[in-house]
Amino acid sequence: MTANLGNADRVIRAILGIVLIIAPLLNMPEIWANAYLAYGSMAVGVILLATALVRFCPLYRLFGLSTCKIT
């Protein structure tokens with residue numbers, strides 16, 4: 001796995017991932033009262049956080065994208 005996420009992309013993914021994990025737990029806004037939306041949001045949050053930590057996004061590889069300046 002070659003890194004394909006730059007620093008700005010990693011920070012945005014990490015922040016968004018954390019928000020998507022924590023918001024359903026706090027039930028704010030109440031859209032997450034539905035269990036399917038809450039678990040779906042948390043799953044997407046975990047995926048975003050994981051890709052930020054490992055600096056690799058499989059979708060970027062599939063589409064030939066890279067925001068990483070170091071190859």
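## Close-up views of a predicted three-helix model

**View 1. Ser 41 and its partners from elsewhere in the chain.** Leaving aside neighbours within four places in sequence, Ser 41 is in contact with Leu 20, Pro 24 and Trp 32. The model shown here is predicted. Ser 41 sits in helix α2. Is Ser 41 buried or exposed? Its relative accessible area is 9%, so Ser 41 counts as buried. Now look at the side chain of Ser 41. One of its polar atoms lies 2.9 Å from the backbone oxygen of Leu 20. Leu 20 therefore appears twice in this view: as a contact of Ser 41, and as the owner of that backbone oxygen, within the 3.5 Å limit for a polar contact.

**View 2. The whole chain, for orientation.** Step back before the next close-up. The chain has 3 helices and 0 strands. Read from the N terminus, its elements run α-α-α. Helix α1 covers residues 7-26. Helix α2 covers 35-54, and α3 covers 58-63. Along the principal axes, the C-alpha atoms fill a box of roughly 45 × 20 × 15 Å. How much of the chain is buried? Buried residues make up 30% of the 71 residues. The accessible surface comes to about 5,100 Å². Carbon and sulfur atoms account for 74% of that surface. Contacts also reach along the sequence. Take the contacts between residues at least 6 apart in sequence: 74% of them join residues at least 24 apart.

**View 3. A salt bridge within helix α1.** Side chains of opposite charge can pair when their charged atoms come close. Here Arg 13 forms a salt bridge with Asp 9. The closest N and O atoms are 3.3 Å apart. The cut-off is 4 Å, so this pair qualifies. How many salt bridges does the count give? It comes to 1. Both Arg 13 and Asp 9 lie in helix α1. They are 4 residues apart, about one turn of the helix. Both residues are buried.

**View 4. The surroundings of Arg 13.** Stay with Arg 13 in helix α1. Its relative accessible area is 11%, which means that Arg 13 is buried. Which residues touch Arg 13, leaving aside neighbours within four places in sequence? They are Leu 5, Leu 48, Leu 49, Thr 51, Ala 52, Cys 57 and Tyr 60. Find Cys 57 in that list, as the next view turns to its sulfur.

**View 5. Two cysteines without a disulfide.** A disulfide is a covalent bond between the sulfur atoms of two cysteines. How many disulfides does the count give for this model? It comes to 0. Why is Cys 57 not bonded? The closest cysteine sulfur, in Cys 68, is 13 Å from the sulfur of Cys 57, too far for a bond. Start from Cys 68 and the closest cysteine sulfur is in Cys 57, again 13 Å away. Cys 57 is buried, because its relative accessibility is 6%. Cys 68 is buried as well, with a relative accessible area of 9%.

**View 6. Ser 66, in the segment after α3.** Ser 66 is found past the end of α3, in the segment that follows. At 45% relative accessibility, Ser 66 counts as partly exposed. A polar atom of the Ser 66 side chain lies 3.4 Å from the backbone nitrogen of Cys 68. Now compare a distant residue. Ser 66 and Ile 31 are 35 residues apart along the chain. Their C-alpha atoms are separated by 33 Å.

**View 7. A nonpolar patch on the surface.** Which residues make this nonpolar surface patch? They are Ile 18, Ile 22, Leu 25, Leu 26 and Met 28. The patch covers about 520 Å². Leu 25 is one of its members. Leu 25 lies in helix α1. With a relative accessible area of 61%, Leu 25 is exposed.

**View 8. Arg 55, between two helices.** Arg 55 occupies the loop between α2 and α3. Its phi is near 60°. That is a positive value in a residue other than glycine. At 28% relative accessibility, Arg 55 counts as partly exposed.

Methods:
Residues are numbered from 1 along each chain as its sequence is written. This is a predicted model: local features need pLDDT of at least 70, side-chain atom pairs count only at pLDDT 80 or more; totals for chains, interfaces and linings use all residues. Side-chain values use heavy atoms; hydrogens and water are left out. Buried means under 20% relative accessible area, exposed over 50%, partly exposed in between (1.4 Å probe, protein chains only). A polar contact is a pair of N or O atoms within 3.5 Å; within protein, one must be able to donate a hydrogen and the other to accept it, and residues adjacent in sequence count only if both atoms are side-chain atoms. Contact means heavy atoms within 4.5 Å. Accessible areas come from the Shrake-Rupley method with a 1.4 Å probe; for residues, only the protein chains shown count as cover. A salt bridge is a side-chain nitrogen of Lys or Arg within 4 Å of a carboxyl oxygen of Asp or Glu. Patches are made of residues with over 30% relative accessible area and no salt bridge: like charges are joined within 9 Å, nonpolar side chains (Val, Leu, Ile, Met, Phe, Trp, Tyr) within 5 Å. A disulfide is a pair of cysteine sulfur atoms within 2.5 Å.
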